[in-house]
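Trainee: I would like to go through this complex one question at a time. Please show it first.

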Amino acid sequence: MARAVTPQRKLVNTGVAWAVGLLIFFPILWTILTSFKTEAQAINDPPLFLFFDWTLENYTIVQERSNYMRFLWNSVIIAGGSTILGILIAVPAAWSMAFVPSRRTKDILLWMLSTKMLPAVGVLYPIYLLFIQLGLLDSRAGLVVVLMLINLPIIVWMLYTYFREIPGEILEAARMDGAELRQEILYILTPMAIPGIASTLLLNFILAWNEAFWTLNLTAVDAAPLTAFIASYSSPEGLFFAKLSAASTMAIAPILILGWFSQKQLVRGLTFGAVK
Amino acid sequence: MGRIQLKDVTKSFGDVEVIPPLNLTIEDGEFTVFVGPSGCGKSTLLRLIAGLEDITSGAIEIDGADATDVPPAKRGLAMVFQSYALYPHMSVRKNIAFPLRMAKMDQAEIDRRVDGAASVLNLTDYLDRRPGQLSGGQRQRVAIGRAIVREPAAFLFDEPLSNLDAALRVGMRLEISELHKRLATTMIYVTHDQVEAMTMADKIVVLRAGNIEQVGSPLELYKAPRNTFVAGFIGSPKMNLIEGAEAAKHDAHTIGIRPEHITVSATEGVWSGRVGVAEHLGSDTFFHVHDTGLAETITVRADGEVGFNHGDRIHLTPRSDVIHKFDAAGLRIT
């Protein structure tokens, strides 16, 4: 029997859920609010919540001081490029592991995941040297490759889990129905896998977008994405909270909007394998 | 046409041989049932015929042509899976039409055939639904519809009814038998349920550990099981197998007597024992009789009205003309 939910209980639940949601969202909210304050108001004690002189001044200054569009463009290319490249490599890999597993498939999957357990800084030095030798330092191509490699284990794992949910008998049925490999992939597998591929794409785009360690260490000017854009406002001249907040808001706005419109896919992606 | 011949077919998974050399001919239009306990290789055998598994050695011929290396798509066989294996993202109409689309048939002919199959299978009202919106029995019908539109050389059924509830199973069993009578196409049907095998088959193939134990019509298998395995597997409840002194009286190592060939009495009989569990089915009653000195339990089928209770003394008389005799190797003595 389902548990009875009284209206009072529902009210409490809703209240708690909103409180938790607000708590998690608060840093972002505070950043956005701060971006509309003057530098003095930003460090005011006690902190000002809603009642201050709203100003767009910070955005104007930030835009004057640095070329936001260039950073944005770099972010789009690096996040988009690494995600697409990763998917192209991961789809056949996950496909073969899910549908034609060998005795070592599980080991390979675990080994791939184990690379994520290594602190990134552990391989910074060798990769930095490689980048110097290959002339990839501060290049978008180099970052696309590195971020793709960093996220590849997760992409493969996610796709593998999605593909595993597609029953093998359905593919066999297609084969019996006269479908050749190309038709089997086109008419049966792909339509069934699209939700999985979509949420993998989304999640990895976000991961790559927010990746700061490699983008900060391997870029200087030309290939610097939005993460570097934010970092440039915590500069040696001192902290400018309002401007830093404005820069942060501008950096997260695109991904926030993307996330808002794809909530359903994202939730599915984040809880993959948990719900059938 | 759909005559299927297996010649010295073997199948191994790694070092494990699941099908030792096996020869079998399935005649055109025949309803053949592969039956056996789970793990006997019956599904593997069906998948070998379908082409979903490659055979390790030997040859498979369909209508006289070697099909050993022909991919499943080109063998002209249709298969119905245990899980139905419907395409969840397609409507019922598209599911049924899929094999025709793969065959690049023109749309008018596809529509004609899909509508035809739908009316035969009572699916006309459901053509625009997705598989997820159908009941188990309806899904099974869609799977059958997808198979019949192609007019294949043979149908392969892999335990198609085991996911249905008991009542539906009996109904679908009849429908598939009807379908076979109407289409007169070769059908190969895999099941572990000997009742399905007995009621549907023209020819039963009893398998154990990849070996064919016996091939024959349901009644041949019932009347003259070739060995003790077939004797125990075909017929419900199972045949009583008795060893020892009682068997020696008949010059056999083992004798078999079916529950329905034993008469019961409260007063006199050849054997006697104590009633254990009595299963009342209404029309019949099954008595499980202990302490007979013959075997641990002797099962007896009696009339529904016969009333013995747990612990009662019961006397049993086998019909002497239907006692099956087997030698020490378990083979029938004729």
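The questions below go from the whole complex to single residues.

Trainee: What ipTM does the predictor give the complex?
Mentor: This is a predicted model, so the scores come before the details. For chain B, the mean pLDDT is 92, and 100% of its residues reach 70 or more. For the complex, the predictor gives a pTM of 0.76 and an ipTM of 0.83.

Trainee: How many helices and strands does chain A have?
Mentor: The C-alpha atoms of chain A fill a box of roughly 70 × 65 × 30 Å along the principal axes, and 31% of the 276 residues of chain A count as buried. Among its contacts between residues at least 6 apart in sequence, 78% join residues at least 24 apart. Its secondary structure consists of 13 helices and 2 strands.

Trainee: How far apart do the C-alpha centres of domain 1 and domain 2 of chain A lie?
Mentor: The domain assignment of chain A places domain 1 at 7–59 and domain 2 at 66–232. Between their C-alpha centres the distance is 34 Å.

Trainee: And how far apart do the C-alpha centres of domain 1 and domain 2 of chain B lie?
Mentor: In chain B the assignment gives 4–229 as domain 1 and 240–326 as domain 2. Their C-alpha centres are separated by 38 Å.

Trainee: Which elements give two or more residues to the side of chain B that touches chain A?
Mentor: The contact involves 18 residues of chain B and 15 residues of chain A. On the chain B side, the residues divide into 15 nonpolar, 2 polar and 1 charged. The elements that give two or more residues to that side are strand S6 (77–80) and helix H2 (92–102) of chain B.

Trainee: Which are the edge strands of the open sheet S2-S1-S4-S5 in chain B?
Mentor: This sheet has 4 strands in the order S2-S1-S4-S5, with antiparallel pairing. An edge strand pairs on one side only, and that picks out strand S2 (16–26) and strand S5 (65–66) of chain B.

Trainee: Which residue in S4(B) stands opposite Gln5(B)?
Mentor: Strand S1 of chain B, residues 4–13, pairs with strand S4 of chain B, residues 57–62, in the antiparallel sense over 5 bridges. Opposite Gln5(B) in S4(B) stands Glu61(B).

Trainee: Which helix packs on that sheet?
Mentor: The helix touches S1, S2 and S4 of chain B, and its direction makes about 115° with that of S1(B). It spans residues 42–50 of chain B and is helix H1.

Trainee: Does Leu316(B) count as buried or exposed?
Mentor: Leu316(B) lies in strand S17 (residues 313–318) of chain B. Beyond its neighbours within four places in sequence, its contacts include Ile262(B), Val264(B), Trp271(B), Val289(B) and Ile298(B). The cut-off for burial is 20 or more other C-beta atoms within 10 Å. Because Leu316(B) has 22 such neighbours, it counts as buried.

Trainee: What is the exposure class of His253(B)?
Mentor: His253(B) is in the loop between helix H9 (245–248) and strand S12 (254–257) of chain B. Leaving aside neighbours within four places in sequence, it is in contact with Glu243(B), Ala247(B), Phe326(B), Asp327(B) and Ala328(B). A residue is buried at 20 or more C-beta atoms within 10 Å and exposed at 12 or fewer. His253(B) has 18, so its class is partly exposed.

Note on methods:
Residues numbered from 1 in each chain as written. Chains lettered and ligands numbered in written order. Predicted model: local features only at pLDDT ≥ 70, side-chain atom pairs only at ≥ 80, totals over all residues. Contact = placed C-beta atoms within 7 Å. Nonpolar A, V, L, I, M, F, W, Y, C, P; charged D, E, K, R; others polar. Domains from an automatic or database assignment. Pairing = 2+ DSSP bridges. Axes fitted to C-alpha atoms, helices over the stretch in contact; angles between N-to-C directions. pLDDT = per-residue confidence, 0-100.
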